[in-house]
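The following exercises concern the charges and the overall form of one protein model. Please attempt each task before reading its solution.

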Amino acid sequence: MSDPNAVVKYQERMAREAEQRAEAEAARVEAAKSPEQRASEAAAKVIADAQAERAAQKQRATEERREAAIVKASQGLDRLEWWQLCARWGREHRKQMGSPGAEAVYRRLKQENLINYADEMAVGVRQKRPDVGMSGCGAIAILGVHESSNVTTNAFGTRVQMVYRDRGVYVYTEGKPGDHNGVVTSVQY
């Protein structure tokens, strides 16, 4: 069989014959079952399906309760300043990671584009120090609200120095003009 088409046709024919043999064997086994065996298997399937449906209903109810708790926790967040949201996200996450309160604040921060991937990773692992590349919001989530800040705005953007005197930490961010939630460019300890 040097013809490639003949080889392919032969392989296809062999595969069809193998499928037909498997189907014939399955039909033979099914025909050999007693009515009691068939009834027993049908009952077991009905029970398994009912258990799966109960588990799915329970999962849906749990998810609905969690979503309701998140919605309840999100009430009043719209009255907070962006930096207050960031500090609250850090507090909620440290208190109980994955809590409805932490999830509500997280969703709000994502919706407002106040956090980035680096923030999510650092706060998620409960990191103690901010890293370059995080947003100012992520730094606030980790360290809390700064004692004071020094802001420089020019035509190219806004630079913010967040001062944590009690910890001896200074976080520097740069962002667009008027954007006080820039990207962390350096951290001084």
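**Exercise 1.** Determine which residue forms a salt bridge with Glu53, and how exposed the two partners are.

*Solution.* In this predicted model, the partner of Glu53 is Arg60, and the closest N and O atoms of the pair are 3.3 Å apart. A salt bridge requires a separation within 4 Å, and the pair meets this cut-off with its 3.3 Å. Next, consider exposure. Glu53 has a relative accessible area of 38% and is therefore partly exposed. Arg60, at 40% relative accessibility, also counts as partly exposed.

**Exercise 2.** Establish which parts of the protein are tied together by the salt bridge of Lys110 with Glu120.

*Solution.* First, the contact: the closest N and O atoms of Lys110 and Glu120 are 2.9 Å apart. Second, the location: Lys110 belongs to helix H4 (residues 100-111) and Glu120 to helix H5, so the pair ties together parts that are ten residues apart in sequence. Third, exposure: Lys110 is partly exposed at 36%, whereas Glu120 is buried because its 19% falls under the 20% limit.

**Exercise 3.** Describe the salt bridge of Glu25 and state where its two residues lie.

*Solution.* Glu25 pairs with Arg28, with 2.5 Å between the closest N and O atoms. Both residues lie in helix H1 (residues 4-32), three residues apart, which is about one turn of the helix. Glu25 has a relative accessibility of 37% and is thus partly exposed. For context, the whole structure contains 14 salt bridges, and Glu30, Lys33, Arg38 and Glu41 are linked in a network of them.

**Exercise 4.** Identify the residues that gather in a patch of positive charge on the surface, and locate Lys128.

*Solution.* The patch consists of Arg91, Arg94, Arg126, Lys128 and Arg167. Lys128 is placed in the loop between helix H5 (117-124) and helix H6 (136-143). With a relative accessible area of 68%, Lys128 is over the 50% limit and so counts as exposed.

**Exercise 5.** Decide whether the protein is a compact globule or more spread out.

*Solution.* Begin with the elements: there are six helices and four strands, in the sequence pattern α-α-α-α-α-α-β-β-β-β. The radius of gyration is 30 Å, well over the 16 Å that the globule rule gives for 189 residues, so the protein is more spread out than a compact globule. Along its principal axes, the C-alpha trace spans about 85 × 55 × 25 Å. Finally, 27% of the 189 residues count as buried.

Methods
Residues are numbered from 1 along each chain as its sequence is written. This is a predicted model: local features need pLDDT of at least 70, side-chain atom pairs count only at pLDDT 80 or more; totals for chains, interfaces and linings use all residues. Side-chain values use heavy atoms; hydrogens and water are left out. Patches are made of residues with over 30% relative accessible area and no salt bridge: like charges are joined within 9 Å, nonpolar side chains (Val, Leu, Ile, Met, Phe, Trp, Tyr) within 5 Å. Accessible areas come from the Shrake-Rupley method with a 1.4 Å probe; for residues, only the protein chains shown count as cover. A salt bridge is a side-chain nitrogen of Lys or Arg within 4 Å of a carboxyl oxygen of Asp or Glu. Lys and Arg count as positive and Asp and Glu as negative; His and the chain ends are not counted. The place of a charge is taken as NZ of Lys, CZ of Arg, CG of Asp or CD of Glu. Buried means under 20% relative accessible area, exposed over 50%, partly exposed in between (1.4 Å probe, protein chains only). The radius of gyration is taken over C-alpha atoms; the globule rule is 2.2 Å times the number of residues to the power 0.38.
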